[in-house]
Structures are given as C-alpha cells and as structure tokens.
Amino acid sequence: MNDIANIEANILDKIKDCTDLKSLEDIRISVLGKKGILTENMKTLAQMEEQQRIETAKKLNILKSHIEEALGLQKNILQERALNEQLNNERIDVTLPIRPEIQGRIHPVSKIYEEVVAIFGALGFEVANGPDIEDQFHNFNALNMPLNHPARQMQDTFYINHDATVPFDMEKAYVVRTHTSGMQIRTMEKKRPPIRIIAPGRTYRSDFDATHTPMFHQVEGLVIDKTTTLAHLKGCLYDFVKAFFELDEIPVRYRPSYFPFTEPSAEMDIGCLKTKTELKIGAGNDWLEILGCGMVHPNVLKAGGIDPDEYQGFAFGVGLDRLAMLKYGIPDLRTFFESDIRWLKNYGFAPLDFSSLTGGLSNNGGQTR
Ligand code: DAH
C-alpha cells in the first residue's frame with residue numbers, strides 16, 4: 001500500500017516539474033508503457049490472493065487514472081506555453097513597410113496623354129474616343145482621300161479582311177486606323193457645332209526604325225463653329241505648346257504643307273537649340289517639326305453632314321510618342337514598347353503625380369521622377 005502511495009507522490013511530482021513535452025512523454029512511457037512501473041505492478045496481480053488482488057487492482061486503477069489526469073493537465077500547460085513562445089517569437093509588425101519596396105511607374109506615353117488632356121481640357125475641349133479598327137470611309141474617303149488618292153500611299157496601311165469567308169477585297173477591307181483623323185468624321189456624325197474635341201489614341205502603320213513603330217499614338221484636334229479662323233488655330237496651338245513645354249515664351253513658325261483633309265494646311269515648328277548632348281526647347285533658332293494642322297476642307301465638313309457655307313473650323317494632329325521623346329529626352333521610340341522594367345524605372349513617373357495646369361504638368365512638388 002505504502003508502495004503505491006509512494007509511487008503516486010513520486011510520479012505526480014515528476015509530472016508537475018516537467019518542463020517540456022518530450023520529457024513528459026518519456027515519463028508517460030516509463031509509467032504506462034509496456035515496461036512501465038504501473039504495467040509491471042499490474043502483472044504482479046496474477047500471483048495474488050483473490051481478496052488482495054481485488055483491492056490492489058482497484059488501487060492501481062485509481063493510481064492510473066490520477067497519473068493520466070496529471071499527464072493530461074501538464075500536457076495542456078506545456079502546449080499552451082510552447083504556443084505562446086512561438087507566437088512571441090514570430091510576431092509580425094504589420095506597420096513596417098514592405099521590403100523591397102516596389103512601386104509601379106506611369107509610362108511616359110500615359111503621362112503625355114494626361115498632360116495633353118489636362119491642357120486641352122482647360123481650353124474647353126472634350127475627349128472623344130473611337131475604334132482602333134476603322135472602315136475606309138472614316139479613315140480615308142470622308143477625309144477627302146477617295147480610293148486611289150496618292151496620299152493613301154503615304155500611310156503604309158495595315159488592311160484587315162472585312163469578311164473571312166470571301167477573298168480579300170481592297171475596297172471593302174477594314175484598316176487599323178493610320179491616324180486619329182477619322183475621329184473628325186465620327187464626331188461630326190454625332191454632334192452639331194460648335195465642336196471642340198480632342199481624340200487621343202493608338203494608330204498603326206507598317207514602319208519600324210528609331211523614330212517609327214508599327215503602333216504609335218496621336219491626338220487629333222477639331223474645332224468647328226461659324227466664325228472659327230486660322231487666327232484661332234494659331235492662338236490655340238501656341239497656347240498648347242507653351243503649356244506643354246512649361247515655358248512662358250517659345251518661338252513657333254508655320255510652314256505651308258499639304259494634307260488632303262485641310263485647306264490651307266501647315267506644319268508647326270518650334271524653336272530649339274540642338275547641341276550634341278542635349279535638345280533645349282524654346283532656345284536658339286533651329287526648328288523642330290511638331291505637328292500638322294489646317295482649316296478643315298469643305299469636302300470633309302460635307303462628308304460629316306455639316307454645311308461648309310455656314311460653318312468652318314480647324315484641325316490638327318500631333319504624335320504623342322514624339323512629344324514624349326522631345327519633352328523627356330528619350331532617344332529611341334522602339335524602347336517605348338519593349339516593356340523593359342529598367343527603362344520604365346528610369347523614364348516612368350510616380351503614379352500619384354497627376355498632371356494638371358494648376359498643380360504642375362510634369363512635376364508636382366518636384367517628386368515626379
Ligand atoms: N493625320 C495626319 C497624320 O497622321 C496628321 C494631321 C495633319 C491631322 C493635319 C490633322 C491635320 O487634323 O489638320 O500625319
């Protein structure tokens with residue numbers, strides 16, 4: 001009897017003092033395992049007298065249940081302690097910044113797009129969007145370029161079969177738009193004058209070198225009213241280039257040119273200084289062509305359903321990518337579309353720096369790059 005009481009006191013102490021789960025398991029095996037103290041004691045029951053066997057078995061069973069209870073309790077305590085320790089060691093400070101800090105950049109073309117929309121928006125222009133895949137009526141015919149017009153050859157057009165079940169028909173084929181000028185017609189079809197829109201978007205031509213890519217971006221401008229004149233065109237475009245290059249003064253000149261959809265037509269140049277390493281816009285007397293423009297041809301107004309005897313207007317077309325190259329000193333257009341993350345890191349812009357005339361076009365608080 002004494003024996004059993006001793007065993008109990010001894011084992012319960014050991015269990016209470018145990019500080020880790022592995023030792024606790026060792027204790028369990030040493031008591032309840034196949035060769036454990038309690039198991040060995042159970043084996044002695046067989047040799048006992050009946051009365052003694054019954055009493056001893058009872059005591060041993062009580063002892064067993066006490067030990068199992070103590071083991072269970074201690075196991076819970078140790079498990080909780082281990083979990084708390086782990087939680088303490090693996091604590092995460094969710095307020096720390098991510099490492100490495102990765103921030104996306106705005107592509108220069110998107111930036112220029114925003115800048116151009118901000119400038120013309122302030123001048124009261126609306127933005128008009130149209131399809132990349134265009135019919136020849138809107139891309140050519142309605143712009144005073146009927147089939148076989150020599151100007152069509154200037155544009156290196158990508159044609160798309162209009163109906164996959166019949167042989168290619170040049171006259172009916174669609175095109176991926178070669179310029180945004182088709183938006184002049186789409187706007188006139190939907191809106192009555194006064195009209196004041198810009199149409200920025202993707203354009204496509206079969207051409208590839210340092211300053212040409214098969215896909216590029218243009219902005220078309222169109223103003224139509226009863227008394228819109230060449231003077232308005234000049235004033236509007238002068239305001240645009242000043243705002244765009246963020247200069248108070250900038251030399252400009254207009255050279256006579258030819259576009260089928262304007263009469264008269266002109267190209268606008270800006271004054272700049274070209275050194276071997278750098279291009280300074282607004283300085284010196286070298287001239288740099290920047291856009292095409294003119295007074296909307298009467299045939300174009302007619303094609304858009306507007307009476308040329310009552311209305312007149314001006315139009316212009318600018319290459320967005322070219323503007324980005326000039327303003328941000330990017331030498332090769334092909335790199336714009338290579339998706340090189342290093343290039344974007346260098347030439348891209350911080351995502352939260354919105355372009356506005358009041359808050360700064362390219363540089364808000366000096367944090368743009
Ligand atoms: N569509 C012309 C081009 O792609 C650019 C252009 C020139 C647009 C003169 C115009 C304009 O609206 O008046 O080269």
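**Arg253 and Asp269**

I looked up Arg253 first and got 33% relative accessibility, so I entered Arg253 as partly exposed. The model is a predicted one, and I read the entries below with that in mind.

I then looked for the acidic partner of Arg253. Arg253 forms a salt bridge with Asp269, with 2.9 Å between the closest N and O atoms. Arg253 sits in strand S7 (residues 252–259) and Asp269 in strand S8 (residues 262–274); the pair is 16 residues apart and links distant parts of the chain. Is Asp269 buried or exposed? Asp269 has 2% relative accessibility, so I noted it as buried. The cut-off for buried is under 20% relative accessible area.

I followed the charges outward from this pair. A network of salt bridges links Arg253 and Asp269 with Arg255, Glu267 and Glu289.

**Lys226 and Glu310**

I asked how many salt bridges the structure holds. The count is 17. I picked out the one in which the side chains of Lys226 and Glu310 meet, at 3.4 Å from N to O. Lys226 is in the loop between strand S6 (215–225) and helix H8 (230–245), and Glu310 is in the loop between helix H9 (298–303) and strand S11 (312–319), so this pair ties together parts that are 84 residues apart in sequence.

I checked the accessibility of each partner. Lys226 has 45% relative accessibility and therefore counts as partly exposed. Glu310 is also entered as partly exposed, because its value is 38%.

**Arg342 and Asp340**

I looked at one further salt bridge, between Arg342 and Asp340. Here the closest N and O atoms are 2.7 Å apart. Which class does Arg342 fall into? Its relative accessibility is 62%, so Arg342 counts as exposed; the cut-off for that class is over 50%. Asp340 has 24% relative accessibility and so counts as partly exposed.

**Nonpolar patch**

Last, I turned from charges to nonpolar surface. Which residues make the nonpolar surface patch of about 250 Å²? I found Ile133, Ile160 and Tyr174. Of these I followed up Ile160, which lies in strand S3 (residues 159–160). At 30% relative accessibility, Ile160 is put down as partly exposed.

**Left on the page**

I kept two items for the next look at the structure: the linked group of Arg253, Arg255, Glu267, Asp269 and Glu289, and the loop-to-loop pair of Lys226 and Glu310.

Definitions and conventions. Residues numbered from 1 in each chain as written. Predicted model: local features only at pLDDT ≥ 70, side-chain atom pairs only at ≥ 80, totals over all residues. Heavy atoms only, no water. Patch = residues over 30% accessible without salt bridge, like charges linked within 9 Å, V, L, I, M, F, W, Y side chains within 5 Å. Areas by Shrake-Rupley, 256 points an atom, 1.4 Å probe, with all protein chains shown as cover. Salt bridge = Lys/Arg side-chain N within 4 Å of Asp/Glu carboxyl O. Helix = DSSP H or I, 4+ residues; strand = E, 2+ residues; numbered from the N terminus. Buried < 20%, exposed > 50% of the residue type's maximum accessible area, 1.4 Å probe, protein only.
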